[in-house]
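Trainee: I would like to learn how to read a protein model. Can we begin with the parts of the chain?

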Amino acid sequence: MSNNDSQPVPLMAPMRAFEEQEAEILEVTSRVLKSGMWAYSIEGKALETELAEYMRADRVCVVNSGTDALTLSLRALGVTYGDEVITPAYSFFASASVISLVGGTPVFVDVEDRTFNIDPEAVEAAITLKTKGIIAVHLYGLPAEVQKLREIADKHGIFLLEDACQAIGAKYNGRMAGTFGDLACFSFYPTKNLSTCGEGGCVSGLNSEAVDKVSKLRLHGETERYHHSLLGRNSRMHEIQAAILRIKLKKLTEWTEKRQEIGGRYTDAWADLPMRVPYVPKGYEHVYHLYVIQSRDRDRLRDNLNEKMIGNGVYYPVAIPSLEVFSGLGHQPGEFPVAEKLCREVLALPVYPQMTEQEINRVEDTVLDYFGHKG
Ligand SMILES: Cc1ncc(COP(=O)(O)O)c(C=O)c1O
């Protein structure tokens, strides 16, 4: 065992991304602090322009988190008491909680067995007269079936909201995730592919009226100083976070390519093992926010990785309809078989641009050794 083999390989390492640009980040932090302009202002507006360019979107509106992006988007799309919104049974909690937070009812549907993303057929079957829209989560960085979902939404006259919190830069047939939905939401939480040193999020989308409404809602629905036309709230992005995001955005394409290179290496190395590697359908571009394998032997593999100090994590251990907070909806075990199976079988492994060659090899070899030794 070399010295480096005795060091843990973390599952995520946002500090390394900070260190890569430390001088620039500290310089800009000091500059913003000394400017005395700390709440959403020049940096926030410049970031919106640069994000729109990156995402090939008409307009982007920055807010304080991905959760705010989703909540304000649902408000802007008119979701209110009694409205149903269809969302996957398997995602991060906020993909569903935001629906309840604005007074709507989450209608859960199962995800696809291979992509782990919302199943369009199940979506169509769940549409009722009360359905107001669909939330499509691009889980782990792989776009959901946006074209099909767009068609379903248009056919039924309901909205499509992309939860792209894990998928900035992902593409479907060359087109960026976030350019299919009426609105699309992104998160800049510290572990995300593009991240703040705090919190942040943004909204874009095809419905420019709704984006405009989000931009008002995040500023207390103000039309002019102390004149309020909407019941909004405060979701101004801090100028330091906006300035940091501007610096990091310059690296996003390079960082995404590195994630894809590492993901591709794992997939090539592990393709023949008795476990599932991420499935990327033709025409889709995965940005590997997380590299997630699926194995019936997950827990033992996990013990082995822990023993070898290889970081790993279960995203997510419980299907959203089974969470205590949603017990009032009366869902029963077995209703979402794919989601429930994934909760037992998925495991995320380290994938981030600052991994060293030795760390990548260690992850690769540890998984290979585990299955090899099982014989
Ligand atoms: C799929 C998904 N939706 C929503 C969110 C919420 O974003 P935030 O943590 O920035 O509020 C996250 C963040 O983890 C997420 O992964």
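Mentor: Domain bounds come from an automatic or database domain assignment. The model here is predicted. Its chain is assigned domain 1 (17-249) and domain 2 (251-374).

Trainee: How many Å apart are the C-alpha centres of domain 1 and domain 2?

Mentor: The two centres are separated by 24 Å. In the contact, 34 residues belong to domain 1 and 29 residues to domain 2. On the domain 1 side, α1 (14-20), β6 (171-172) and α9 (239-249) each give at least two residues. That side of domain 1 is made up of 19 nonpolar, 7 polar and 8 charged residues.

Trainee: How should I read a sheet?

Mentor: Strands of a sheet pair through backbone hydrogen bonds, either parallel or antiparallel. In this model, an open sheet of 7 strands follows the order β1-β9-β8-β5-β4-β2-β3, and its pairing is mixed.

Trainee: Which are the edge strands?

Mentor: They are β1 (61-63) and β3 (105-109), each of which pairs on one side only. On average, neighbouring strands in this sheet are turned by 25° against each other, direction ignored. For one pair in detail, take β1 and β9 (residues 201-204): they run antiparallel and are joined by 3 bridges. Val62 has Cys202 of β9 as its bridge partner.

Trainee: Which strands does α5 lie across?

Mentor: Helix α5 lies across β2 (84-88), β3, β4 (131-137) and β5 (159-163), and runs at about 170° to β2. Helix α7 (residues 146-156) lies across β4 and β5, at about 175° to β4.

Trainee: Which residues come nearest to the ligand?

Mentor: Of the 14 residues around the ligand, the nearest are Ser65, Gly66, Thr67, Cys165 and Ser187. Both α4 (66-76) and α5 (94-101) supply at least two residues of this shell. By type, the shell holds 5 nonpolar, 8 polar and 1 charged.

Trainee: What about the backbone angles? Which peptide bond is cis?

Mentor: The bond from Tyr315 to Tyr316 is cis, with omega near 20°. Tyr316 sits in the loop between α11 (298-307) and α12 (337-345). That loop also holds Met309, whose phi is positive, about 60°, although Met309 is not a glycine. Phe116, in the loop between β3 and α6 (120-126), has a positive phi as well, near 70°.

Trainee: Is Phe116 buried or exposed?

Mentor: A residue is buried if 20 or more other C-beta atoms lie within 10 Å of its own. Phe116 has 24 within 10 Å, so Phe116 is buried. Met309 has 14 such neighbours inside 10 Å and therefore counts as partly exposed.

Methods. Residues are numbered from 1 along each chain as its sequence is written. This is a predicted model: local features need pLDDT of at least 70, side-chain atom pairs count only at pLDDT 80 or more; totals for chains, interfaces and linings use all residues. A residue is near a molecule or strand if its C-beta atom, placed from the backbone, lies within 6 Å of it. Helices (H or I, at least four residues) and strands (E, at least two) are DSSP runs, numbered from the N terminus. Ala, Val, Leu, Ile, Met, Phe, Trp, Tyr, Cys and Pro count as nonpolar, Asp, Glu, Lys and Arg as charged, and the others, Gly among them, as polar. Two residues are in contact if their C-beta atoms, placed from the backbone, lie within 7 Å. Two strands pair if DSSP finds at least two bridges between them. Axes are lines fitted to C-alpha atoms, for helices over the stretch in contact, and angles run from 0 to 180 degrees between N-to-C directions. A residue is buried if 20 or more other C-beta atoms lie within 10 Å of its own, exposed if 12 or fewer, and partly exposed in between; C-beta atoms are placed from the backbone.
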